[in-house]
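Please open the structure in a viewer with selection by chain and residue number enabled. The stops below are arranged so that each selection leads to the next.

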Amino acid sequence: MTERERLEIVDDYLGRLDVQLHDLPQGIRIDLIEDVRRHIEEAWGDSPDKSRVVLLNILDRLGEPEELAREGRERLGLEGEPPPTPTSARVLPSSFGPSTGGADGARRRRRLGAVRLTPLAILLLLCVVPTAFLLVFQRSAAPEETISISQIVADARAGRVERIEAREGSAEIIVSYEDGQRRRGVTETPISALLTQANLPPQQWPEVRVSAASSTDAWLWALSFLLPLIVLTVVVVLVVVLAVRSFFGRPSGTGGGGSGAAVLSAVLVVILGCVALSGLLLAV
Amino acid sequence: MDENAALITQMRKGAVEYCVLALLEGRERYGYELVQALSGVDGMLVSEGTVYPILSRLKRDGLVRAELRESRGGPARKYYRLTPSGDAALAAFKAQWRIFSGAVETILREGARL
């Protein structure tokens, strides 16, 4: 028997126990499941023969999960309540085959746990990742100093301006100076009027570049922005789902660990978001 | 018949709790060790797993204290030991049980002659 098969059988048993213990206080329920898990591990470690029969025998000697749960309720003075799932242990055979109704019930619970977590993780991602990109883009789009139009006019008059760039349909202009500085300004006035206003003869005009607003820019923006966003989102979702599964895939967390798993996934998303953000900042 | 079985089950349940305490008298043991000691005595346990709810209850009632400790190469072990009130409960049970079981034994042995 492989280790994977062994863990599947053990998880199946503990999952059924978890279902049966649903009405016990959470602390006691988690304690009991962990006690039984340790018992199985000890007994397995004790046995020189690592066969399926030995494992099933260990579980058989432990008793049916329903019996353990009944004992727990009686010992701890709790009134018995039927388990929430239709897979009552009464209909289960005494050997713990992996395809019993109880096993399916336990697996369904685990799957539901994962499904409940994924929307939360995606929601958080949708908040964190665009925020990260927004911060990065704002940072990269605004390295220049913003100046007033009268300042540009004064600078042009003094001959310090080398080039003025503007985009059709945009009020924004970028002024490049002789010393390599770049400054940004916003003007409603056409550049020619601006330079006339500066009282400069045409031969002294700085180089003026006016670029048309083109549709390829939108595509480039979409590619450079959306593609990494999608890739990053997919990667982060995968990492979070895998992490949550490995932490809470075991039955001890199917019920009680729900909120813990949500918190963990939230923390993971925030951490990954920060990592992605710092990586992007470094790249920019 | 069913009623009879239920009665015996109840008797066993009442006694097992004190047997767990007795196994912890003067020494600590971990869960699996306790189960092995109990199941080594014929007729004490029906299902080994039922020991764990008993330990939960004893812990809740303050009769035992539990401490989880790492073990070499295996799962962590939860060691149980008696608290002073556990000691007292065990002593009281021992005295009562000896009187009671002696009385029952006498009746069973000599019932017809009494």
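Two strands are taken as paired if DSSP finds at least two bridges between them. The model is predicted, and the tour begins with a sheet to which that criterion applies.

**Stop 1: the sheet of chain B**

Select the three strands of chain B that form an open sheet; their order is β1-β3-β2, and the pairing is antiparallel. Residues 29–30 make up β1(B) and residues 64–69 make up β2(B); these two strands stand at the edges with a single partner strand each, so one side of each has no neighbour in the sheet. In general, strands of a sheet pair through backbone hydrogen bonds, in either a parallel or an antiparallel manner.

Now restrict the view to β1(B) and β3(B). These antiparallel strands are joined by two bridges. One residue to display is R29(B), whose bridge partner in β3(B) is Y80(B).

**Stop 2: the largest cavity**

Keep Y80(B) selected, as this residue also belongs to the lining of the largest cavity. A search of the whole structure yields three cavities of 30 Å³ or more, and the largest has a volume of about 80 Å³. To display its lining, select D35(A), R38(A), H39(A) and E42(A), then add Y30(B), G31(B), Y32(B), Y52(B), A76(B), R77(B), K78(B) and Y80(B). The elements that contribute two or more residues to this lining are α2 (26–46) of chain A, together with α2 (31–39) and β3 (77–82) of chain B.

Which element gives the largest share of the lining of the largest cavity? The answer is α2(A), with four residues. Colouring the lining by class shows five nonpolar, two polar and five charged residues.

**Stop 3: a salt bridge within α2(A)**

Remain with two of the lining residues, D35(A) and R38(A). Their side chains meet in a salt bridge, with an N to O distance of 2.8 Å. D35(A) and R38(A) are three residues apart in helix α2 of chain A, and therefore about one helical turn separates them. An α-helix has 3.6 residues a turn, so residues three or four places apart point the same way.

Are these two residues buried or exposed? D35(A) counts as buried because its relative accessibility is 4%, and R38(A) is likewise buried, with a relative accessible area of 13%; the cut-off for buried is under 20%.

**Stop 4: helix α3 of chain B**

Return to Y52(B), another residue of the cavity lining, and extend the selection to α3(B), residues 51–60. This helix is mostly covered, with seven of its 10 residues buried. The buried residues are V51(B), Y52(B), P53(B), I54(B), L55(B), S56(B) and L58(B). After α3(B) comes G62(B), which has a positive phi near 75°.

**Stop 5: salt bridges around and beyond α3(B)**

Over all chains, the salt bridges number 26. Select R60(B) and D61(B), whose side chains meet in one of them at 3.3 Å, N to O. Both residues are partly exposed: R60(B) has 46% relative accessibility and D61(B) has 37%. Next, widen the selection to the network of salt bridges that links R60(B) and D61(B) with E71(A), E74(A), R75(A), K13(B), E17(B) and R57(B).

Then move to K94(B) and E25(B), whose side chains meet in a salt bridge at 2.8 Å, N to O. This pair links distant parts of the chain, 69 residues apart: K94(B) lies in helix α4 (residues 84–110) of chain B, whereas E25(B) lies in the loop between α1 (2–23) and β1 of chain B. K94(B) is partly exposed at 26% relative accessibility, as is E25(B) at 40%.

**Stop 6: chain A and its loop residue E178(A)**

Finally, select chain A, which has nine helices and five strands. Of its 284 residues, 40% are buried. Among contacts in chain A with a separation of 6 or more, 66% are between residues 24 or more positions apart.

Zoom in on E178(A), located in the loop between β3 (172–177) and β4 (182–186) of chain A. This residue counts as exposed, at 55% relative accessibility. Setting aside residues up to four places away in sequence, E178(A) touches G159(A), R160(A) and E162(A). A distance to display here is the 5.8 Å between the C-alpha atoms of E178(A) and R160(A), which are 18 residues apart along the chain.

Key
Residues numbered from 1 in each chain as written. Chains lettered and ligands numbered in written order. Predicted model: local features only at pLDDT ≥ 70, side-chain atom pairs only at ≥ 80, totals over all residues. Heavy atoms only, no water. 1 Å grid on protein atoms, 1.4 Å probe; cavity = no way out; pocket = protein on both sides within 12 Å on 5 of 7 lines; lining within 4 Å. Points joined across faces, edges and corners; volume = space filled by probe spheres on them. Nonpolar A, V, L, I, M, F, W, Y, C, P; charged D, E, K, R; others polar. Buried < 20%, exposed > 50% of the residue type's maximum accessible area, 1.4 Å probe, protein only. Contact = heavy atoms within 4.5 Å. Salt bridge = Lys/Arg side-chain N within 4 Å of Asp/Glu carboxyl O.
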